[in-house]
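Visitor: Walk me through this one, please. I'd like the reasoning along with the values.

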Amino acid sequence: QVQLEESGGGLVQAGGSLRLSCAASGLTFSSRVMGWFRQAPGKEREFVAAISRIGGSTYYADSVKGRFTISADNAKNTVYLQMNSLKPEDTAVYSCAAKSSFVRSDYDYWGQGTQVTVSS
C-alpha cells in the first residue's frame, strides 16, 4: 500500500514561487509514475505534471509548461513540484498521485492535497 503526503502549499502573491513536496511510503514499484493534479473550486480536477521515477520522463499540462517543474528524489521517495511565475488561476488544491506505469490510465493512490492560493 502506497501512502502519499503533500506539503508546501500556502499563500503567495502573483509572480511568486512555491515548491510542493510529495513523500511516498509503501510499495515503491506501485509508485513508479508520480503525478500532480489540481482542483479549483467549482472545477474538475485537472492534470498538472507527471514524472517517471525510472528514467525521469516528464509531462506537463500546457497551462504550466515553462513555469512548473516536476522532479524526483528517489533516495527520499519524494517528488517535487517547483512552481514559478504563479498566477491567480493557479489557485487550487494540489494533490499528488501514484501509479505503477504510464501504460495505466488511472492513478491508484492519492494524497490528501495541499492548498495553494495565489493572490493578485
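Guide: Strands are DSSP runs of E, at least two residues long and numbered from the N terminus, and two strands pair if DSSP finds at least two bridges between them. This is a predicted model, where local features need pLDDT of at least 70, side-chain atom pairs count only at pLDDT 80 or more, and totals for chains, interfaces and linings use all residues. Residues are numbered from 1 along each chain as its sequence is written, and side-chain values use heavy atoms, with hydrogens and water left out.

Visitor: Which strand joins β8 through six bridges and covers residues 18-25?

Guide: The two strands run antiparallel. One pair to look at is L81 in β8, which stands opposite L20. The strand joined to β8 over residues 18-25 is β3.

Visitor: And in β8, what is the bridge partner of S71?

Guide: Here we turn to strand β7, residues 68-73, which pairs with β8 in the antiparallel sense over six bridges. Look across from S71 into β8, and the partner is Y80.

Visitor: How many of the six residues of strand β8 are buried?

Guide: Buried means under 20% relative accessible area, exposed means over 50%, and partly exposed is in between (1.4 Å probe, protein chains only). Strand β8, residues 78-83, is largely enclosed by the rest of the structure because the number of its six residues that are buried is five.

Visitor: Which residue takes a positive phi in the hairpin of β7 and β8?

Guide: That hairpin has four residues between the strands. Most residues other than glycine have a negative phi. The exception here has a phi near 50° and, at 24% relative accessibility, counts as partly exposed: N77.

Visitor: S85 isn't a glycine either, so to speak; what is its phi?

Guide: S85 is found in the loop between β8 and β9, the latter spanning 92-99. With a relative accessible area of 42%, S85 is partly exposed. Its phi is positive, at about 50°.

Visitor: R53 is buried yet has no salt bridge, so how far away is the nearest side chain of opposite charge?

Guide: A salt bridge takes a side-chain nitrogen of Lys or Arg within 4 Å of a carboxyl oxygen of Asp or Glu. For charge, Lys and Arg count as positive and Asp and Glu as negative, with His and the chain ends not counted. R53 lies in the loop between β5 and β6 (58-60). The nearest side chain of opposite charge to R53 is D73, at 8.1 Å.

Visitor: So which residues does R53 touch?

Guide: Contact means heavy atoms within 4.5 Å, and residues up to four places away in sequence are not counted for R53. The hairpin residue N77 is one of its contacts. The others on the list are T28, S31, R32, M34, A72 and N74.

Visitor: Is S52 buried or exposed?

Guide: S52 sits in strand β5. Beyond residues up to four places away in sequence, S52 touches R32, S57 and F102. With a relative accessible area of 10%, S52 is buried.

Visitor: What separates the C-alpha atoms of S52 and L4?

Guide: Along the chain, S52 and L4 are 48 residues apart. In space, their C-alpha atoms are separated by 16 Å.

Visitor: On to the charges: which residue forms a salt bridge with E46?

Guide: The structure holds five salt bridges. E46 is partly exposed, at 35% relative accessible area. Its partner counts as buried at 5% relative accessibility, and the closest N and O atoms of the pair are 2.6 Å apart: that partner is R38.

Visitor: How many residues apart are R38 and D90?

Guide: The side chains of R38 and D90 meet in a salt bridge at 2.9 Å, N to O, and both residues are buried. This pair links distant parts of the chain, with R38 in strand β4 (residues 33-39) and D90 in the loop between β8 and β9; the spacing is 52 residues.

Visitor: Which residue's side chain meets D108 in a salt bridge?

Guide: D108 is partly exposed, with a relative accessible area of 35%. Its partner counts as partly exposed too, at 36% relative accessibility. The N to O distance is 2.6 Å, and the partner is R104.

Visitor: And which residues do salt bridges that share partners join into one network?

Guide: We have already met E46 bridged to R38, and R38 bridged to D90. The network joins R38, E46, R67 and D90.
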